[in-house]
Structures are given as C-alpha cells and as structure tokens.
Amino acid sequence: MQTQEIRRHTISILVDNEAGVLARVIGLFSGRGYNIESLTVAEVDTREQLSRITIVTSGTLMIIEQIKAQLRRLVPVHKVSDLTIEGPSVSRELALVKVTGAGEKRVESLRIADIFRARVVDSTNESFVFEIVGATDKLDAFIRLMEPLGLMDVSRTGVVAIARGPNPI
Amino acid sequence: MTGAEMVLKALVDQGVEVIFGYPGGAVLPLYDELFKQNRLRHVLVRHEQAAVHAAEGYARSTGKVGVVLVTSGPGATNAVTGLLDAMCDSVPLVCLTGQVPTHLIGNDAFQEADTTGITRPCTKHNYLVKDTNQVARVVHEAFYVARTGRPGPVVIDLPKDVLVGKGTYAGPAKVKHKTYRPQVKGDIKAIEEALKLMAHAKRPIFYIGGGVVNSGQAASQLLTQFVHTTGFPCTQTLMGLGGFPGSDPQSLGMVGMHGTYEANMSMHDCDVMICIGARFDDRVTGRINAFAPHAKKIHVDIDPSSINKNVAVDIAIVGDVAHVVEDMMKLWKAKQLRADDRALKAWWGQIEKWRARDCLRFGASNKVIKPQYAIQRLYELTRSRDTYITTEVGQHQMWAAQFYKFEEPGRWMTSGGLGTMGYGLPSAMGVQIAHPDSLVIDIAGEASIQMNIQEMSTLAQYRLPVKVFILNNQYMGMVRQWQELLHGGRYSESYSAALPDFVKLAEAYGAVGLKAEKVDELDGVIEQMMAVNKPVIVDCRVDPAENCFPMIPSGAAHNEMLLGPEDEAEKPISEDGMVLV
Ligand SMILES: Cc1ncc(C[n+]2csc(CCOP(=O)(O)OP(=O)(O)O)c2C)c(N)n1
Ligand SMILES: [Mg+2]
C-alpha cells in the first residue's frame, strides 16, 4: 500500500443508464482530483438499461483503490472492475486519422497504413481518412508516424476493454 | 392521485411526522396538499438553510430520516450548505425541492436552478422526477438510500407539472432498489485476525467515531461492553462523543486537534489501534506521516471508501458497527481470548501519567468568566437533566466538546465535517421538535449565532423553549486564535464589532434575554435559564483573550501538542502550518 509508483489502470463500470449518471462519475473524478486519460460510454444492455463506462486512469495503488471504492459508493453503479489487475483482458481503441498531402508523402502514408492494418475510409485527391483499431500504444505510434506526412485531424474513441475467457467482467 | 398527493402519502407511509420547510411558487401544489391534511406537521422556518439543519438535529437526536421541503431556485440553493453539512456528517435526510415545469427546464425560467447539478457533489444521491408515475417509487427509494449504509442526504427535484399531473401510487413494500445493498455483516476471517491482534496487544486503543453513533443505541451499548471486556482505553472523535460514556474511567476523552493530551499521546504510542466508525480525518491524525507510527491498525467502517483513504490500515472490516462489534464480542468470548493483562497494566500506568498533566486545566479567575468554566458550570447544572446539546462552530464548540461529557449517543449535535457556523440554533430547533419536554441547549459564539439568528422567530411561533447559551468573547475566537498563533497577532477582521444587545434581541423575538458578566452571576443565570419554559438567549460575557488548548497545530504530530500558553511561548508554531487549514 505504501508504494508511490504511478500506474495506469483500466476500470470498467456497469451503471444504470439514467440521466446524470455520467455526470456523477466525471464529477467524482474532477471533484477529487483523479486523472481521466480516456473515457468511453455506451448502453450495453437495452433490456436492463445498463451502460458500461470504461475509464483509463492513473495513480498510486492507494489512489486507484480509492477511485474504485468511491465509484462503488455511487448509487446507480452496479459493478466496478479493475481490468488491469483482475486477470487478463483485451482492450481496443479506434481512431479516425485524417492526413493531407500529395506525392511521396501521400504514398508513404498509405504504406504505413498498410503495415498498421489501417483502412482507408475516405479519400480525396489531397486527403485520406484512415480507420485504425488497436491498443492505445499502436494508435499512438501510427499517429506519430503520420505527423510528418500531413496529419490534419485525429478523432479517437478512447479505450474499451473486456476480460478474456468465458467469464463476464 | 396527483403527484403532490402521492408525495405526501409516501411520506406518511415512510413514517414521517414532521417536515421542515419554506414555501414558494414551484411547491405550491405540495403546500396545498399539506393544508388539506393533518397527519404531517410542517414547521415553517425563516431560511431554507435552517430547515436543513433543523432536519439534521431532528434526525441525529432520533435516528429517523429528517425531511425538508423547499421551493425551486433560491429555495434550493439556500439549502445547499445544509445538504453538504449532512453529507459530511452522514446524516440521513430527504430534501424535496420544487422545480420549474419540465417543458421549461433548461430555458433559464424564473426561479430555475440546475438543482440536481448543483447538489450532485453534496448529496448521497439525487433525483429529478420527470414522470408522475415515478413519484412514489422515487420517494420510497430516497428514504431507503438516505438511511441505508452510510447515511446521507438525498434530494428529490420535483417539477411543478409532475406535482400537478396524475399517476398511480406504489406503496413502500413494492419498491426495491436495483443495486444499492451495502454490506452490514463484517467478514469473519478479518474479525478473527483483528481479535488475534487485540489479544496480543501491549498498548491498544479504541478510536471511535460518528459511525458508532449512527449505528444506533445498540451499537454503542455493544461497544461499551466490548471496551469493558477488553479493558482497553477508548478515545472518541468530535462526532463520536457519546458513542462511549464520556465519564467512564476507560474514556480518554476526545482525540485530535483539540483533543486531550492523554488521548493523543496514546494514539501516537499505541501498538494496536482499533478504529471503529471513524475516518482518519485530518483534524484527528495531525501530520499524517507521523501518525501512530508503531501501530497495527484495524478499521471497521460501513463505507469501503473510508478505508485506506488517508491512512493505510492492516485489517479492514467493512460492515455496520453494531453487527461487527457483536461478532467481535461473541468470538472474543467463544475463543476465550484475553487481553495481555501485564502489558495493559503498564500501558494504563503510562496513560495515567499523561492524564496527570491535566491538560484541560485553565487559569481560573474570579474577575472574568473563563469560557471553560462557563461550560463546566453548564455541565454540572444540567447533567442530571434530560439534556441535548448542539453547538455553533469555533472555540466554544471545542470547549463544549472538551468540558461537556456525553454518556450516550444522540445527545450531542455539532457540525463536524463541514464546520458550519449557524448550525446550532436551527439544529436545536429540530431536536426540540423531536423532544418537546427535554432541555435543549445551543452552545454558541456571538459571531456564529448571527448566521441563523432569524430562527428565534420560529422558536417563538412553535413555542420551542430552546436555550441559546452564547459564550460572548467579542471575537471570532477561533479565527483570532489562529491569527495569534500563525499570523503574528494581526487580528484581521476577526473582531465582532457592532454586536446587538442580545438581551433586547431576545425580547424582540418574544424570548427571554439573560446576561452573565461576573463569575458569581453565572450559576444563577444558568438556573434561571433552565427555569423558564420559553426560548432564552444567555449572553455570557467571557474572557476575550482565552485560547483553546490543548492544540495540535496544523502540520504537527500527536506528540507535538501545545498544552497551554506557556507551551506556546516555548514552542513557537512553525510558519509551515500557515498554508494548512
Ligand atoms: C459559515 C462559516 N463561515 C466561516 C467559518 C470560519 N470560522 C470558523 S470559527 C469562526 C469564528 C466563530 O466565532 P464565534 O461564533 O464567535 O465563536 P468563537 O470561536 O469565538 O467561540 C469562523 C469565522 C465557518 N466555520 N463557517
Ligand atoms: Mg466569539
């Protein structure tokens, strides 16, 4: 408990999909000074009206434990799981990356996209929009490589994650 | 049924008897229904903040959920301080707020406020009801949430069209919360481990807080038995006073910034700390990295987020105090555990030495009334009566905590977590409503009392014989003390200038005003105060220069207490403390 090392954790929160629930979660983070590195939210169970919020946050072990305990205290929260420590999990992020340019740079961007298995989802004579899916690091690397090639815009979804194996989160 | 009818029916079905409120446009349908019935009593306050504090006093002195009713916009924003106060001190409340009709929400309508937005961080939970059919469910759910687990305030925001509209009522039995089920039974393995630590402890201490009081009379009785069985010393936080009998020989009194020397030294030197329903608040721990450096720590709390928040503990037990302590007691007996008597004897020997320092000693005087002496006399003259004490915030609050001893929970109502000046008078009002024949005293400061003084009018209207006992030192004493100790004696804006004549003020409100200026007048004035069956303000003129000791200055450790003015001269407080609160 004494370690001061800052770690990154992916936390999955199952909540009632009701008005204000996202504000409660975000307000908790801002009010208590916790980090949000990424956040995604969408309804995942229409019958029970449940949404899943996936938050990537960072802090010392004590802070991470505190974040989870505070989240569990919110009344509309059903379940809080720490995917970083509760067994193996997969996490993915999607980015749409717009690159503009012509000539050699344009060709180079296509070549790199191919290596990264990014798809072209829109193109004009002077631009591409790539769709890339993967872990955060992979997206970071791809975007960095696009920078000198005419990177114009990036739109990222933030991380979604799920436990590996047959059991639910 | 209309929404408004359903609200009132739901309140009655929840066993509510009293509502503290203030009307306005958005809640007129509710007031109309109130007019037509006689099951619910409405107490009309003079300011919405006071309605919330009154409901707090009511709740804390009865163990029931307090109920508040205010209008939209300014009604709701005026209630915010009270809501946060209840949040910080874990007081169960349901606060009904009016709202503009749903079709106007978001349009900056007259008296519109984003009430659920504003109150989200200062309530345990809140609701905006958009459908009349949901009214009954939400009200029942709100009561459940407010009183279950760690109690707290819940706001229900009710748009006017929802109150006027028609829908079907659902009784409390039909409403079950989807998710919220706090754990009340402690983990037996963890309890067994804790008991093992306790049986081997050489220098143990119980450190108990408001959770014991909140858990109810039974919790505090069980705990008292358990403390007696073990023979360990027991210290209480400001919120925990009364959770263990204050005059019990095993009580070390209050812990923390203005706690006793013996309590703080024992906390510092202990080897096993059993924290029950307390939260290692900064007023208690002092400098965190010097807090109880040799102790194994056991923490019992119903709120998992209180565990390992400020201080890392060795054994965590999540559960309700009454359940956990009952299991502890059973297992202690079943396993035939015994405290280490020899070690305990030596430990008590050390504690008695600390006690012998008599840290609450003060320079007695026969010229001027010392504030500590005033509380001592108040205690001696009222202790045999059926008495409830509330306070405002400042030095007088700390002196009350130090010198008034509470033998059972629910007798002491003070604003601990938020430290809200203006809490005491409305809170006393709520207590008196719940206990009409008891002696209810607000121990006040001359500055704090002015923050909700308008409630004298409410006392008059409902013939509530609350006694306001002002320790009038003509200063915001606590501010003055910090300025003396940390800011070179520059008393910036802390003098209480242009004070009203409190005796005349009392009379203007139809109450009785009394004044005590000399030491030999004091007892007589207190007797007189108790003899009148009317609200009373006592203007007790006390030494304006007195400071509250002992004190752990901000940023200092438990064993670096200042015991009194002599100490203060010897160990000047480091200016480092200046940035701390
Ligand atoms: C609403 C509010 N405003 C400001 C403060 C800061 N504060 C704490 S104690 C205090 C002075 C209180 O003076 P008084 O009521 O005369 O009590 P004394 O300390 O003199 O006993 C102040 C201003 C507070 N606690 N609450
Ligand atoms: Mg004062």
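Okay, let's start at the magnesium ion, ligand 2: its protein donors are Glu446(B), which gives two OE atoms, Asn473(B) through OD1, and Tyr475(B) through its O atom, at 2.1 to 2.7 Å from the ion. Keep in mind that this is a predicted model.

Along the chain, these donors follow the spacing E-x26-N-x1-Y. Glu446(B) sits in the loop between β15 (439-445) and α18 (456-461) of chain B, while Asn473(B) sits in the loop between β16 (467-472) and α19 (477-486) of chain B. So that pair links distant parts of the chain, 27 residues apart.

Are those two buried or exposed? Glu446(B) has 1% relative accessibility, and because anything under 20% is called buried, it counts as buried. Asn473(B) is buried too, at 7%.

What about the geometry of the site? The ion has 6 donor atoms, the angles among them run from 51 to 175°, and the site is irregular.

Now over to ligand 1. There are 17 residues around it, and the closest are Gln395(B), Gly419(B), Ser448(B), Tyr475(B) and Gly477(B). By class, that shell has 8 nonpolar, 8 polar and 1 charged residues.

Let's look at some polar contacts. Asn473(B), which we met at the magnesium ion, also puts a polar side-chain atom 3.0 Å from an oxygen atom of ligand 1. A polar backbone atom of Gln395(B) is 2.8 Å from an oxygen of the ligand, and one of Met421(B) is 3.4 Å from a nitrogen. On its own, ligand 1 exposes 590 Å², and the protein buries 76% of that.

Which elements give two or more residues to this shell? They are α16 (395-403) and α19 of chain B, with α19(B) giving the largest share, 3 residues.

Definitions and conventions: Residues numbered from 1 in each chain as written. Chains lettered and ligands numbered in written order. Predicted model: local features only at pLDDT ≥ 70, side-chain atom pairs only at ≥ 80, totals over all residues. Heavy atoms only, no water. Donors = N, O, S within 2.8 Å, 3.2 Å for Na, K, Ca; no water. Tetrahedral: all angles 85-135°; square planar, octahedral: opposite > 155°, others 65-115°. Helix = DSSP H or I, 4+ residues; strand = E, 2+ residues; numbered from the N terminus. Buried < 20%, exposed > 50% of the residue type's maximum accessible area, 1.4 Å probe, protein only. Near = heavy atom within 4 Å. Polar contact = N/O pair within 3.5 Å; in protein donor to acceptor, adjacent residues only side chain to side chain. Areas by Shrake-Rupley, 256 points an atom, 1.4 Å probe, with all protein chains shown as cover. Nonpolar A, V, L, I, M, F, W, Y, C, P; charged D, E, K, R; others polar.
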